[in-house]
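Me: I'd like a close look at one part of this protein, with its surroundings filled in afterwards. Here is what I have in front of me.

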Amino acid sequence: MFLIKYLKSLLCLFISIVILTLIISILNYTNIINNNSMPYFKLSSLIISLFISGIYIGKHATNKGYLEGFKVSLIFIIISFLFNYLGLNNNISLKIFIFYIISIISTVLGSIIGINKNT
């Protein structure tokens with residue numbers, strides 16, 4: 001039961017990532033978004049997805065929603081760290097570290113809003 005709550009939140013995260021990626025791909029295919037602005041749209045789609053996942057976990061938390069959001073963001077960071085550095089053999093940089101900090105903040109803020117909508 002404990003693990004199912006986090007798996008549902010991660011499923012919500014990955015579904016929203018896929019949906020936003022499809023929307024961005026369609027906008028890029030139809031030349032509404034140019035290639036110069038694509039990194040900003042990719043970053044914003046991940047932040048929005050993490051925020052949605054934080055709202056989801058916050059709605060299902062009983063108390064201390066910020067800790068639940070922090071746990072979900074840590075799970076996401078561990079998965080992305082393993083994929084990037086062990087799978088793709090990328091190097092650790094300040095840019096990636098700042099992205100991890102932003103992902104923690106967006107998920108925690110989403111979970112705070114989610115737990116406030118719960119009451």
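Which residues does Ser-111 touch, not counting residues up to four places away in sequence?

Reply: Happy to walk through it with you. One thing to keep in mind from the start is that this is a predicted model.

Ser-111 touches Gly-54, Ile-55, Ile-57, Gly-58, Gly-65, Tyr-66 and Gly-69, leaving aside residues up to four places away in sequence. The residue itself sits in helix H4, which covers residues 94-118. Its relative accessible area is 0%, and because the cut-off for a buried residue is under 20%, Ser-111 counts as buried. For a sense of distance, take Ala-61: Ser-111 is 50 residues away from Ala-61 in sequence, yet their C-alpha atoms are 8.6 Å apart in space.

Some of those partners take us to other helices. Helix H2 is made of residues 38-59, and helix H3 is made of residues 65-87. Two of the residues that Ser-111 touches, Gly-65 and Gly-69, are also among the buried residues of H3. The full set of buried residues in H3 is Gly-65, Glu-68, Gly-69, Val-72, Ser-73, Phe-76, Ile-77, Ser-80 and Tyr-85.

H3 is worth a moment on its own, since its geometry can be checked with simple arithmetic. With 23 residues at 1.5 Å a residue, the helix should span 33 Å, and the C-alpha atoms at its ends are 32 Å apart, which agrees.

Still in H3, look at Ser-73. With a relative accessibility of 0%, Ser-73 counts as buried. Its contacts, again without residues up to four places away in sequence, are Ser-103, Ile-104 and Thr-107.

H3 also carries a charged pair. The structure holds one salt bridge, in which the side chains of Glu-68 and Lys-71 meet at 3.7 Å, N to O. The two residues are three apart in helix H3, so about one helical turn separates them. Their surroundings differ in exposure: Glu-68 is buried, at a relative accessible area of 9%, whereas Lys-71 is partly exposed, at 35%.

Back in the region of H4, you can also find an aromatic pair, and the count for the structure is one. Phe-99 and Tyr-100 form it: their ring centres are 5.9 Å apart and their planes meet at 50°, so the pair is classed as tilted. Both Phe-99 and Tyr-100 are buried.

Next, the N-terminal side. Ser-49, in helix H2, is another serine with a relative accessible area of 0%, so it is buried. Leaving out residues up to four places away in sequence, Ser-49 touches Leu-13, Ser-16, Ile-17 and Leu-20. Ile-24 belongs to helix H1 and is buried as well, with a relative accessible area of 10%. With the same exclusion along the sequence, Ile-24 touches Ile-33, Met-38, Phe-41, Lys-42 and Ser-45. As a contrast in distance, Ile-24 and Ser-106 are 82 residues apart in sequence, with their C-alpha atoms 20 Å apart in space.

Between H1, residues 2-29, and H2 there is a loop, and Asn-31 lies in that loop. Most residues other than glycine have a negative phi. Asn-31 has a positive phi of about 60° although it is not a glycine. Unlike the buried residues above, Asn-31 is exposed, with a relative accessible area of 66%.

Finally, the whole protein. There are four helices and zero strands, and the elements run α-α-α-α from the N terminus on. The radius of gyration is 15 Å, close to the 14 Å that the globule rule gives for 119 residues, so the protein is as compact as a globular protein of that length. Along the principal axes, the C-alpha atoms fill a box of roughly 45 × 30 × 25 Å. Buried residues account for 33% of the 119 residues. Counting contacts between residues at least 6 apart in sequence, 76% join residues at least 24 apart; the link from Ser-111 to Gly-54 is one of the contacts found here. The accessible surface comes to about 7,900 Å², and 73% of it belongs to carbon and sulfur atoms.

Key
Residues numbered from 1 in each chain as written. Predicted model: local features only at pLDDT ≥ 70, side-chain atom pairs only at ≥ 80, totals over all residues. Heavy atoms only, no water. Expected span 1.5 Å × (residues − 1). Buried < 20%, exposed > 50% of the residue type's maximum accessible area, 1.4 Å probe, protein only. Phe/Tyr/Trp six-rings, centres within 6.5 Å; stacked < 30°, edge-to-face > 60°. Rg over C-alpha atoms; globule rule 2.2 N^0.38 Å. Contact = heavy atoms within 4.5 Å. Areas by Shrake-Rupley, 256 points an atom, 1.4 Å probe, with all protein chains shown as cover. Salt bridge = Lys/Arg side-chain N within 4 Å of Asp/Glu carboxyl O.
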